[in-house]
Amino acid sequence: QLHALSAVVTRTRKVEVQDHKAVREAIPIAVEWTDAEAALYQAIDKWQRDRARRLGLPVGFVTQMPLRLASTCLPAARDNVLALDGRAWAGDDMDPDDGTDGIDPEDVPPQEVVDAARLLGDVDTKFDAFVGRLEPVVASGRRVIVFTFSRKALAYLAGRLRARGISLAVMHGDVDRDERHRIMAQFRQDEFKVLLASRVASEGL
C-alpha cells in the first residue's frame, strides 16, 4: 500500500484468478468478395504500395492501417474515402485530416480509388456472412463480444446491427474507465446482447 507504483500497478495473485475461463475457439467464416468489393480493396492496396515506393518506406509500414480498415470493413473504407473530398487519409484510426496544409499529395486518394469507392454501393458480403452467424446466437439468448480494430468499423457495425433490432453497446479508447465498468455490468446483467469493442477497449475482457 505504500510503494510508489501502487497507483499504477495492480498485482493479481494466482489464487485470485478464476479457474474456469472462457476458451476461445476460432471458427473462420469464408467470404468471397464481389467484383466491386475486390476492385476497391485492390485500388487501395495499389495506392498505398505506390505511396510506399515513392516515400522510400517499407510497404508493410505504410499500408498497414488503410488496408486494415479495408480488410476489416470495406464500407467503412469506402465512406472514409468519399468523405475526404481531396483531403488526406491520416491517423491510426484513419480519421481525415482537418486540412491540406503540409499534407503529402500521396496521402490523398487518387481518382481510381474514389471511383472504386463510388462503385461499391451498399454491397457488404462480409457483414452478411457475419450477421448470419451472429443472429442465431443472439436469438438463443446468449451474449456476444465483438472485437474490431477501428472505430469506423465499430460505428458501421453499430448502425447496421441496431437497424436489425439487436441491442448493443460500444466501447473504444475514449470511453473512460468508470463508463467501461458500467457497460460491462450492464452486459453481465443481460441488459443488451452484443458488446462492440475496439482492441484498446478490449484489454482485460
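This passage describes the fold, the helices, the salt bridges and one surface patch of a predicted model of a protein chain.

The secondary structure of the protein chain comes to 7 helices and 3 strands, and, when these elements are read along the sequence, they follow the pattern α-α-α-α-α-β-α-β-α-β. The chain has 205 residues, of which 35% count as buried. Among the contacts in the chain with a separation of 6 or more, 67% are accounted for by residues 24 or more positions apart. The area that the protein chain exposes is about 13,300 Å², and carbon and sulfur atoms supply 50% of this area.

Helix α5, which covers residues 125–139, has 15 residues and reaches 21 Å from its first C-alpha to its last, a value close to the 21 Å expected at 1.5 Å a residue. Within α5, the residues Phe127, Val131, Leu134 and Val138 are buried, and what covers the buried residues of this helix includes strand β1 (144–148), helix α6 and strand β3 (194–198). Just after α5 comes glycine 141, which takes a positive phi of about 95°.

Threonine 148 is found in strand β1, one of the elements that cover the buried residues of α5. With a relative accessibility of 10%, threonine 148 counts as buried, because buried residues are those under 20%. When its neighbours within four places in sequence are left aside, threonine 148 is in contact with Thr72, Ala153, Leu154, Ala197, Ser198 and Arg199. Of these partners, Ala153 and Leu154 are also among the buried residues of helix α6.

Helix α6 runs over residues 151–163, and, at 1.5 Å a residue, its 13 residues should span 18 Å, which agrees with the 18 Å that separate its end C-alpha atoms. The buried residues in α6 are Lys152, Ala153, Leu154, Tyr156, Leu157, Ala158 and Leu161. The N-terminal end of α6 is capped by serine 150, a side-chain oxygen of which lies 3.0 Å from the backbone nitrogen of lysine 152. Lysine 152 is itself listed among the buried residues of this helix. After α6 comes glycine 165, whose phi is positive, near 80°.

Attention now turns to the charged side chains. Side chains of opposite charge can pair when their charged atoms come close. In the model, the count comes to 8 salt bridges, and one of them joins glutamate 179 and arginine 182, whose side chains meet with a distance of 2.4 Å from N to O. Because glutamate 179 and arginine 182 are 3 residues apart in helix α7 (residues 177–188), they are separated by about one helical turn. Glutamate 179 counts as partly exposed at 28% relative accessibility, and arginine 182 is likewise partly exposed, with a relative accessible area of 40%.

Elsewhere, salt bridges that share partners join Lys46, Asp50 and Arg53 into one network. In this network, the side chains of aspartate 50 and lysine 46 meet in a salt bridge of 2.8 Å, N to O, and the two residues both lie in helix α1, 4 residues apart, which is about one turn of the helix. Aspartate 50 also forms a salt bridge with arginine 53, in which the closest N and O atoms are 2.5 Å apart; this pair, too, lies in helix α1, with 3 residues, or about one turn of the helix, between one position and the other. The members of the network are covered to varying degrees: aspartate 50 is buried, with a relative accessible area of 15%, lysine 46 counts as partly exposed at 48% relative accessibility, and arginine 53 is exposed, with a relative accessible area of 56%.

Helix α1, which comprises residues 35–55, also holds leucine 55. Leucine 55 has a relative accessible area of 33% and is therefore partly exposed, since that class lies between the limits of 20% and 50%. Together with Leu57 and Phe61, Leu55 makes a nonpolar surface patch of about 290 Å². Helix α1 thus contains both a residue of this patch, Leu55, and the salt-bridged pairs that aspartate 50 forms with lysine 46 and with arginine 53.

Key
Residues are numbered from 1 along each chain as its sequence is written. This is a predicted model: local features need pLDDT of at least 70, side-chain atom pairs count only at pLDDT 80 or more; totals for chains, interfaces and linings use all residues. Side-chain values use heavy atoms; hydrogens and water are left out. Patches are made of residues with over 30% relative accessible area and no salt bridge: like charges are joined within 9 Å, nonpolar side chains (Val, Leu, Ile, Met, Phe, Trp, Tyr) within 5 Å. Accessible areas come from the Shrake-Rupley method with a 1.4 Å probe; for residues, only the protein chains shown count as cover. A salt bridge is a side-chain nitrogen of Lys or Arg within 4 Å of a carboxyl oxygen of Asp or Glu. Buried means under 20% relative accessible area, exposed over 50%, partly exposed in between (1.4 Å probe, protein chains only). Contact means heavy atoms within 4.5 Å. The expected span of a helix is 1.5 Å times one less than its number of residues. A polar contact is a pair of N or O atoms within 3.5 Å; within protein, one must be able to donate a hydrogen and the other to accept it, and residues adjacent in sequence count only if both atoms are side-chain atoms.
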